[in-house]
Amino acid sequence: RAVIAGVALLMAAGLVALGVWQLERREWKHALIAAVAERSHGHPIPAPGPAAWSKVSAETDAYRRVTVTGHFQHDRETLVQAVTGLGGGFWVLTPLETPGFTVLVNRGFVPPAKRDRATRAAGNTTGPVTVVGLLRITEPDGGFLRSNNPPAGKWYSRDVAAISTAQRLTNPAPYFIDADTA
């Protein structure tokens, strides 16, 4: 009886701990949702330059609307595997070179049939462009059970540092931008 009572007490304590953890997680999630809603609908601010990079964090900057002007380097784009409501495909991350730094811009989703850059040439502007979008924090951990394989050109997460190294980008920002649909 003592063993059964001890096991029951341990199980009860474990269930209480799980309940407390769920309540704390709920509170954190509500705060995150509120921050994302506020930041993603605000007036866009200039994308942080090199002097501000040490202060960029998920807590203060993730999903903040930013704007930046530069030239796309289409020959250095990276396709990151993705699964969306449209099915499997790729996020197109294209470096945008500005006067002071380079930032990766997620230009959107393409299905496997549009993987080849030549099939999307009409959307690849050559002149200066202004991008408005959401600042996103790098995602260095691979997707689910797969890790990025830069030498093979296989990307499963939007790891800014690894992509910047693989594409030999000049002064890369430590974040990327999810471009607005426009």
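Buried here means under 20% relative accessible area. The structure on display is a predicted model, and the tour below proceeds by selection.

**Stop 1: Asp61 and Arg64**

Select Asp61, whose relative accessible area is 13%, so this residue falls in the buried class. Now add Arg64 to the selection. A salt bridge joins Arg64 to Asp61, with 3.5 Å between the closest N and O atoms. Arg64 has a relative accessibility of 27% and is therefore classed as partly exposed. By the rule applied here, the count of salt bridges comes to eight.

**Stop 2: Arg158 and its charged partners**

Next, select Arg158, which is found in the loop between S6 and H3. Is Arg158 buried or exposed? Its relative accessibility is 10%, so Arg158 counts as buried.

Display Glu139 alongside Arg158. The two residues form a salt bridge whose closest N and O atoms are 3.0 Å apart. This pair links distant parts of the chain: Arg158 and Glu139 both lie in the loop between strand S6 (129-137) and helix H3 (160-166), 19 residues apart. Glu139 is partly exposed, with a relative accessible area of 23%.

Add Asp178 to the view. Arg158 forms a salt bridge with Asp178 as well, the closest N and O atoms being 3.5 Å apart. Arg158 lies in the loop between S6 and H3 while Asp178 belongs to strand S7 (residues 172-179), so this salt bridge ties together parts that are 20 residues apart in sequence. Arg158 and Asp178 are both buried. To complete the group, select Arg136: salt bridges with shared partners join Arg136, Glu139, Arg158 and Asp178 into one network.

Which residues surround Arg158 once its neighbours within four places in sequence are left aside? Its contacts are Val80, Trp91, Leu93, Asn106, Arg136, Thr138, Glu139, Ile163, Phe176 and Asp178.

**Stop 3: The strands around S7**

Keep Asp178 visible and change to a cartoon representation. S7 pairs with S6 in the antiparallel sense over five bridges; in this pairing, Asp178 of S7 is the bridge partner of Leu134.

Then select strand S5 (residues 102-110), which pairs with S7 in the parallel sense over four bridges. Two positions can be picked out in this pairing: Leu104 has Phe176 in S7 as its bridge partner, and Val105 has Ile177 in S7. Seven of the nine residues of S5 are buried, so S5 is largely enclosed by the rest of the structure.

From S5, move to strand S4 (residues 87-97). S4 and S5 run antiparallel and are joined by seven bridges, and a hairpin of four residues connects S4 to S5. Within this pairing, Leu93 has Asn106 in S5 as its bridge partner. Both Leu93 and Asn106 were among the contacts of Arg158.

**Stop 4: The nonpolar cores**

Select Val68, Leu96, Phe101, Val103, Val131, Tyr175 and Ile177. These residues touch the most other members of the largest nonpolar core, which has 16 residues. Strand S2 (65-72), S5, S6 and S7 are the elements that give two or more residues to this core.

Centre the view on Ile177. What does Ile177 touch, not counting residues up to four places away in sequence? The list is Ala47, Val66, Val68, Val103, Leu104, Val105, Asn106, Val131, Gly133 and Leu134.

A second, separate core has eight residues, including Val80, Leu93, Val160 and Leu169. When these are selected together with Arg158, Val80 and Leu93 can be recognised as two of its contacts.

**Stop 5: A nonpolar patch on helix H1**

Finally, turn to the surface and select Val3, which is placed in helix H1 (residues 2-40). With a relative accessible area of 65%, Val3 is exposed. Add Val7 and Met11 to the selection: together with Val3, they make a nonpolar surface patch of about 310 Å².

Conventions. Residues numbered from 1 in each chain as written. Predicted model: local features only at pLDDT ≥ 70, side-chain atom pairs only at ≥ 80, totals over all residues. Heavy atoms only, no water. Patch = residues over 30% accessible without salt bridge, like charges linked within 9 Å, V, L, I, M, F, W, Y side chains within 5 Å. Areas by Shrake-Rupley, 256 points an atom, 1.4 Å probe, with all protein chains shown as cover. Salt bridge = Lys/Arg side-chain N within 4 Å of Asp/Glu carboxyl O. Buried < 20%, exposed > 50% of the residue type's maximum accessible area, 1.4 Å probe, protein only. Pairing = 2+ DSSP bridges. Contact = heavy atoms within 4.5 Å. Core = buried A, V, L, I, M, F, W, Y, C linked by side-chain atoms within 4.5 Å.
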